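Me: I should like to go through this structure step by step, with the reasoning set out for each answer.

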Amino acid sequence: MALARRMQLIQPFHVMALLARARELEASGRSIIHMEIGEPDFVTPQPVLEAGHAALSAGQTHYTPATGLPALRERIAAFYGERYGLAVDAGRILVTPGASAALQLVLACLVNPGDRVLLADPGYPCNRNFVYLFNGEPVSIPVDAGFAYQPTPEQVRAEWDATTAALLVASPSNPTGTLLDRATLAAYLDIARGGGGYLVVDEIYHGLTYAEPPPTALSISDEICVINSFSKYFGMTGWRLGWLVAPEQLVPELDKLAQNLFLAAPTLAQHAALRAFEPDNIAILEERRGQFRERRDYLLPALRELGFDIPVTPDGAFYLYADCSRFTTDSYRFTQQLLEEAGVAITPGIDFGNNCPERHVRFAYTTSLEKLQEGVRRLREFLL
Ligand SMILES: Cc1ncc(COP(=O)(O)O)c(C=O)c1O
């Protein structure tokens with residue numbers, strides 16, 4: 001039986017094969033330093049765990065409205081006030097099963113078959129596959145260190161045509177950890193509006209930044225679709241909970257889609273997440289942010305000293321995107337060798353697009369400082 005043609009376009013992540021091999025090696029007694037994993041190593045903070053237990057004990061096991069628990073939508077809206085000094089109408093917030101579902105909702109709502117969606121390359125690998133799901137055409141914009149690994153407004157303008165539905169960017173970005181400033185976001189919006197399309201900004205790594213906090217795109221316009229999640233800053237990956245702030249006119253359409261696609265985000269997770277914004281929980285998250293910064297401040301100079309080229313200091317997320325061409329012309333083989341011979345797992349560039357992937361790898365500092373130090377020691381031994 002023939003499968004849908006899109007199944008040939010959608011690729012698995014190479015890092016998954018690497019992770020499976022790493023687990024195999026570990027099962028045979030080898031020690032592996034994991035710097036490939038894109039989620040915080042910390043367990044969800046205790047206050048949220050307790051709120052989850054309490055919700056379970058109280059029998060909170062039914063569906064919520066498709067747009068999310070009203071109290072959580074209100075709480076997220078209040079958070080924009082607390083964090084960014086911004087008034088956001090809770091009616092524009094949809095709670096989703098992770099940022100993943102938010103991305104799918106937005107693209108389902110905006111993309112006609114054949115429509116172009118502009119994406120940064122390197123970028124988050126799922127995005128192009130989401131575009132394929134809706135029979136759109138993902139268009140890679142090659143980004144480089146010259147503009148902090150984000151598309152320049154000139155590139156976006158040059159790529160935007162009558163069949164372009166949206167530009168999708170992330171700040172901070174995965175895999176590069178770089179941010180977007182207000183002027184660039186405003187320029188993107190101008191182009192998108194002028195072209196009759198939308199700007200979608202993925203802010204999933206907001207909160208995990210180590211210099212001046214970046215602006216939320218919501219502070220520029222109510223017409224931007226903004227995606228966020230409880231996965232990264234809040235340390236709740238496995239709860240599968242995120243959100244989307246949408247332009248008002250899209251909300252009934254997105255509500256309709258959410259009803260059909262997933263009915264609602266997980267109820268227990270939504271109740272637990274209500275607790276995530278309280279000051280005692282935020283204090284834990286801020287302490288963790290400090291640890292991430294400490295790790296970045298160790299790993300960045302250590303990798304540069306080894307000979308990896310990381311031309312832009314990443315001010316967010318927990319990734320370092322490094323040019324490894326001093327050591328190899330085949331970054332995928334390089335990651336395999338590192339795993340087998342040095343016991344260090346990192347992600348090959350190929351998982352993030354087609355823009356010189358053979359020259360790049362991603363390091364994730366989602367493991368303790370001690371493990372990172374051991375990883376660097378192993379890298380030194382292997383490389384020098
Ligand atoms: C840029 C980006 N967007 C979205 C996601 C999806 O996150 P989730 O569905 O866990 O919220 C990820 C996960 O790694 C990501 O890196």
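**The largest pocket**

Reply: About 680 Å³ of space lies in the largest pocket of this predicted model. The residues closest to its centre, out of the 29 that line the pocket, are Phe 13, Gly 38, Tyr 124, Lys 232 and Tyr 319.

Me: Which helix gives the most to the lining of the largest pocket?

Reply: Helix H2 (14–27) and helix H5 (98–110) each supply at least two residues of that lining. With four residues, the helix that gives the most is H5.

Me: Is Glu 137 buried, partly exposed or exposed?

Reply: Glu 137 belongs to strand S4, which covers residues 137–142. Its contacts beyond four places in sequence are with Gly 114, Asp 115, Arg 116, Val 117 and Val 131. Buried requires under 20% relative accessible area and exposed requires over 50%. Because the relative accessibility of Glu 137 is 38%, the residue counts as partly exposed.

Me: What distance separates the C-alpha atoms of Glu 137 and Gly 91?

Reply: Along the chain, Glu 137 and Gly 91 are 46 residues apart. In space, their C-alpha atoms are separated by 31 Å.

Me: How do the rings of Phe 230 and Phe 234 pair: stacked, edge-to-face or tilted?

Reply: The count of aromatic pairs comes to 22. In the pair formed by Phe 230 and Phe 234, the ring centres are 5.1 Å apart and the planes lie at 50°. Planes under 30 degrees apart would count as stacked and planes over 60 as edge-to-face. The angle of 50° fits neither class, so the pair is tilted.

Me: Are Phe 230 and Phe 234 buried or exposed, and which aromatic cluster includes them?

Reply: Both Phe 230 and Phe 234 are buried. They belong to one aromatic cluster, formed by Phe 79, Tyr 80, Tyr 84, Phe 230, Tyr 233, Phe 234, Trp 243 and Phe 277.

Me: Which strands are the edge strands of the open sheet of three strands?

Reply: The strands of this sheet follow the order S9-S12-S11, with antiparallel pairing. An edge strand pairs on one side only, and this holds for strand S9 (319–323) and strand S11 (347–348).

Me: Which residue in S12 stands opposite Asp 323, and what angle does helix H11 make with S9?

Reply: S9 and strand S12 (residues 360–364) pair in the antiparallel sense over five bridges. Opposite Asp 323 in this pairing stands His 360 in S12. Helix H11 (residues 279–306) packs on the sheet and touches S9 and S12. The direction of H11 makes an angle with that of S9 of about 5°.

Conventions: Residues are numbered from 1 along each chain as its sequence is written. This is a predicted model: local features need pLDDT of at least 70, side-chain atom pairs count only at pLDDT 80 or more; totals for chains, interfaces and linings use all residues. Side-chain values use heavy atoms; hydrogens and water are left out. Buried means under 20% relative accessible area, exposed over 50%, partly exposed in between (1.4 Å probe, protein chains only). Contact means heavy atoms within 4.5 Å. Rings of Phe, Tyr and Trp (its six-membered ring) pair if their centres lie within 6.5 Å; planes under 30 degrees apart count as stacked, over 60 as edge-to-face and the rest as tilted. Two strands pair if DSSP finds at least two bridges between them. Axes are lines fitted to C-alpha atoms, for helices over the stretch in contact, and angles run from 0 to 180 degrees between N-to-C directions. On a 1 Å grid over the protein atoms alone, a cavity is a set of points where a 1.4 Å probe fits but cannot get out, and a pocket is an open set with protein on both sides within 12 Å along at least five of seven lines; lining residues have an atom within 4 Å of a point. Grid points are joined across faces, edges and corners, and a volume is the space filled by probe spheres set on the points.
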